[in-house]
There are 2 protein chains.
Amino acid sequence: MKKGEQVTIHDIAKALGIDSSTVSRALNNSTRVSKTTKQKILDKATELGYQRNTLASNLRTNKTNTIGVIVPRISRNFFSSVISGIEETAQKAGYNVIICQSFEDFEKEQKLMETLLSNRVDGVLISISMQTETFDHLMPYLNHGGPIVFYDRPCYIENCSSISVDDYKASFMATEHLIENGCKNIVHFSGPQINPLYKNRKRGYVDALKKHGLNFNENYCLESKLSENDGIVFAKEIIKMGHIDGIYSSNDTAAIAAIQYLKSKGVNIPKDIAVVGFNNDPISSVIEPSLTTINQPDFEMGKTAASLLIQQIQDTSFKKTSKVLDVELIVRQSSQHKKV
Amino acid sequence: MKKGEQVTIHDIAKALGIDSSTVSRALNNSTRVSKTTKQKILDKATELGYQRNTLASNLRTNKTNTIGVIVPRISRNFFSSVISGIEETAQKAGYNVIICQSFEDFEKEQKLMETLLSNRVDGVLISISMQTETFDHLMPYLNHGGPIVFYDRPCYIENCSSISVDDYKASFMATEHLIENGCKNIVHFSGPQINPLYKNRKRGYVDALKKHGLNFNENYCLESKLSENDGIVFAKEIIKMGHIDGIYSSNDTAAIAAIQYLKSKGVNIPKDIAVVGFNNDPISSVIEPSLTTINQPDFEMGKTAASLLIQQIQDTSFKKTSKVLDVELIVRQSSQHKKV
DNA sequence: CTGTTAGCGCATTCAT
DNA sequence: ATGAATGCGCTAACAG
């Protein structure tokens with residue numbers, strides 16, 4: 001950005017023989033400038049190719065009209081939809097959005113929080129990384145008075161709102177759906193149990209089994225560290241067990257890999273083994289059109305999160321809120337296989 | 001961001017009885033400050049919870065150490081990989097990255113360019129929207145001396161570097177592959193021909209046919225506007241034509257939909273109809289593991305683009321460069337069906 | 001090595 | 001309705 005080329009409000013002022021403060025007012029649409037001068041200023045501004053220096057403006061006003069979004073990975077369809085929602089709401093309210101990926105890495109997340117703070121974003125939306133277990137890295141930002149709203153992966157921190165889906169209910173519905181379609185031996189693809197999200201999902205699974213008088217077998221809960229290969233490992237395990245007739249997966253990636261592997265071994269989905277998983281990734285429905293899926297309101301979540309954050313930015317007396325969005329079970333095709 | 005809470009270099013200076021300029025130097029790791037005072041300053045800074053105000057710093061130095069990235073949609077796997085590449089290279093060079101989505105919308109793209117300019121980003125990486133046909137919206141930024149590098153969708157504008165893949169060659173290879181595997185009637189899923197990218201791909205397709213003595217039939221070139229439903233429409237068309245035995249698709253989304261539809265109608269892929277398409281979207285390989293795909297160096301492209309841009313930022317005498325990356329044909333399984 | 005001085009571009013209080 | 005004056009937080013030239 002070369003320096004000589006910068007047109008400032010002073011240049012406009014000088015060219016018009018008026019003061020820069022008047023120019024500033026005109027550019028900010030103040031009522032305290034006469035219509036005629038305002039028009040002259042606007043004209044001159046475009047004539048000279050003036051472009052506001054947001055940096056200076058932000059420094060002066062101590063706000064940036066920008067919200068920072070920390071997301072584990074934008075490549076996950078669920079998250080990119082959430083971001084779309086965030087952007088829509090933010091834009092309507094006149095806020096810019098800075099998107100940052102943590103890649104599920106705690107250190108990266110720490111650095112990002114620092115950057116966002118030093119860039120003085122007006123608020124932060126964050127879905128914490130899977131590695132994140134402590135929250136000290138959020139404190140500097142919070143102490144500076146910046147609001148944080150958690151989305152998808154809730155955190156129970158003082159004064160921070162959060163927005164998530166009802167994981168327990170989703171799991172319960174999914175498991176119950178399998179049971180109602182005749183499954184008796186249902187495996188659960190789970191995730192790290194340190195994470196409340198996966199804990200809740202497991203609870204939902206267990207409770208649904210209970211409700212229908214099925215035994216909970218700890219071996220049926222296959223815990224993944226969210227790596228790519230888990231699906232194959234799980235699929236092999238299932239084949240070894242022999243009598244599995246249902247899978248409830250709270251892990252897209254693993255489910256996809258597992259289904260592919262099972263199919264390649266001649267297992268018929270859903271006749272032999274019915275599967276219910278989350279479907280915010282379009283892959284899941286593509287790979288197996290019959291798949292029953294749990295639909296998370298991703299776009300909605302983004303909009304809600306942004307709107308909550310913006311409220312809090314604009315009204316400092318805003319009280320913490322926690323919203324839980326409902327999920328929906330999408331049954332594309334009957335999963336009935338009633339082996340019995 | 002509350003104001004009272006801001007700790008500035010002056011606070012540190014006052015607490016230590018020294019001048020703020022020394023503090024500034026220490027914080028910027030200048031050599032012109034003694035080790036001992038530097039340490040004292042650093043200690044005091046953390047003690048007081050000092051956080052640099054990047055805004056002020058940027059205003060003063062007239063640079064932001066930030067590069068803006070305009071991307072059509074982050075949800076497309078190709079682009080999110082490119083972004084990962086950009087982020088990696090940028091971070092290593094000490095630059096922050098601002099990601100903005102144009103959603104293939106020209107007006108949105110215009111607004112984003114304005115925002116990036118007024119935020120004084122040091123450089124811009126852009127993959128222009130499919131709607132974009134004029135480039136006036138880039139001029140203000142260029143006139144301010146900001147460098148722009150085009151990625152994936154090249155634009156021939158003075159002084160702007162661009163980086164893309166060899167679309168012509170990719171198409172040629174893909175089509176030839178089909179021919180060599182016995183296809184005689186090959187359809188091409190194409191995109192808007194105003195766009196050089198799709199033009200080049202079509203050329204490659206046509207030339208490969210020519211080389212192998214096959215007639216080019218204009219009806220075999222199915223032009224898509226990149227909407228979701230095109231794939232189904234195309235598939236129906238193919239079935240109607242009756243004798244198609246090969247598809248070269250330069251349009252992921254359409255290809256996936258078409259394959260699914262064809263399969264549902266009992267067409268065997270690749271025995272009846274062989275398909276070659278781009279695979280940066282993992283869906284394509286998931287839906288049909290036998291698919292031969294064109295692999296675009298997405299991550300690489302991001303790294304190259306960022307590195308080009310950063311060079312140009314740091315060395316104003318840097319001359320425009322246009323790089324064309326090579327593609328790779330990945331044959332997962334023989335597509336031979338030699339109907340003949 | 002450290003202090004002094006002077007702004008970066010803009011917005012705002014206080015005059016007029 | 002407009003101008004004058006001040007400073008946001010930081011860096012950099014200059015001086016010592």
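A polar contact, in the sense I will use it here, is a pair of N or O atoms within 3.5 Å. What I am showing is a predicted model, and with that caveat in place, let me start where B:T22 meets DNA strand C: a polar atom of the B:T22 side chain sits 2.7 Å from a phosphate oxygen of that strand.

Two further side chains make contacts of this kind with strand C. In A:Y50, a polar side-chain atom is found 2.5 Å from a phosphate oxygen of DNA strand C, while in B:T37 an N or O atom of the side chain is 2.8 Å from a phosphate oxygen of DNA strand C. As for the elements that give two or more residues to the surface near this strand, they are α1 (9-16), α2 (20-27) and α4 (54-61) from chain A, and α2 (20-27) and α4 (54-61) from chain B. Which of the elements gives the most to the surface near DNA strand C? That is α4(A), with four residues.

Taking the surroundings of DNA strand C as a whole, we have 26 residues, and the closest of them are A:Y50, A:R60, B:D19, B:R32 and B:R60. Of the atoms of strand C that come within 4 Å of the protein, 55% belong to sugar and phosphate. In terms of residue character, the surface near strand C divides into six nonpolar, 12 polar and eight charged residues.

Let me now turn to the other strand, DNA strand D. Here 28 residues lie around the strand, and those that come nearest are A:T22, A:R60, B:I9, B:Y50 and B:R60. Sugar and phosphate make up 60% of the atoms of DNA strand D that come within 4 Å of the protein. The surface near strand D is divided into six nonpolar, 14 polar and eight charged residues. At least two residues of that surface are supplied by each of α2 and α4 of chain A, and by each of α1 (9-16), α2 and α4 of chain B, and α4(B) gives the most, with four residues.

On the level of individual atoms, a polar side-chain atom of B:Y50 is placed 2.4 Å from a phosphate oxygen of DNA strand D, and the side chain of A:T37 has an N or O atom 2.9 Å from a phosphate oxygen of DNA strand D. I would also point to B:A56, where a backbone N or O atom lies 3.4 Å from a base nitrogen of DNA strand D.

Leaving the DNA, I come to the charged pairs within the protein. Side chains of opposite charge can pair when their charged atoms come close. Over all chains, the count comes to 18 salt bridges. One of them joins A:R201 and A:D167, with 2.9 Å from N to O. This pair links distant parts of the chain, since A:R201 belongs to helix α9 (residues 196-211) and A:D167 to helix α8 (residues 167-180) of chain A, 34 residues apart. With a cut-off of under 20% relative accessible area, A:R201 counts as buried at 5%, and A:D167 is buried as well, also with 5%.

A second salt bridge, between A:E176 and A:K211, has its closest N and O atoms 2.7 Å apart. Because A:E176 lies in helix α8 and A:K211 in helix α9 of chain A, this pair ties together parts that are 35 residues apart in sequence. Are these two partners buried or exposed? A:E176, at 14% relative accessibility, counts as buried, whereas A:K211, at 55%, counts as exposed. There is also a network in which salt bridges with shared partners join A:E88, A:K92 and A:K303. In chain B, B:R153 forms a salt bridge with B:D152, the closest N and O atoms being 4.0 Å apart, and both of these residues are buried.

My last topic is a sheet in chain B. Six strands form this open sheet, in the order β7-β6-β8-β9-β10-β12, and the pairing is mixed. The edges are taken by β7 (221-223) and β12 (328-330), each of which has a single partner strand, so one side of each is left without a neighbour in the sheet. Neighbouring strands are turned by 20° against each other on average, with direction ignored.

Within that sheet, β8 (residues 246-249) and β9 (residues 274-278) of chain B run parallel and are joined by four bridges. In β9(B), B:A274 is the bridge partner of B:G246, and B:G277 is that of B:S249. Finally, β9(B) is mostly covered, with five of its five residues buried.

Methods. Residues are numbered from 1 along each chain as its sequence is written. Chains are lettered from A and ligands numbered from 1 in the order in which they are written. This is a predicted model: local features need pLDDT of at least 70, side-chain atom pairs count only at pLDDT 80 or more; totals for chains, interfaces and linings use all residues. Side-chain values use heavy atoms; hydrogens and water are left out. A residue is near a molecule or strand if one of its heavy atoms lies within 4 Å of it. A polar contact is a pair of N or O atoms within 3.5 Å; within protein, one must be able to donate a hydrogen and the other to accept it, and residues adjacent in sequence count only if both atoms are side-chain atoms. Ala, Val, Leu, Ile, Met, Phe, Trp, Tyr, Cys and Pro count as nonpolar, Asp, Glu, Lys and Arg as charged, and the others, Gly among them, as polar. A salt bridge is a side-chain nitrogen of Lys or Arg within 4 Å of a carboxyl oxygen of Asp or Glu. Buried means under 20% relative accessible area, exposed over 50%, partly exposed in between (1.4 Å probe, protein chains only). Two strands pair if DSSP finds at least two bridges between them. Axes are lines fitted to C-alpha atoms, for helices over the stretch in contact, and angles run from 0 to 180 degrees between N-to-C directions.
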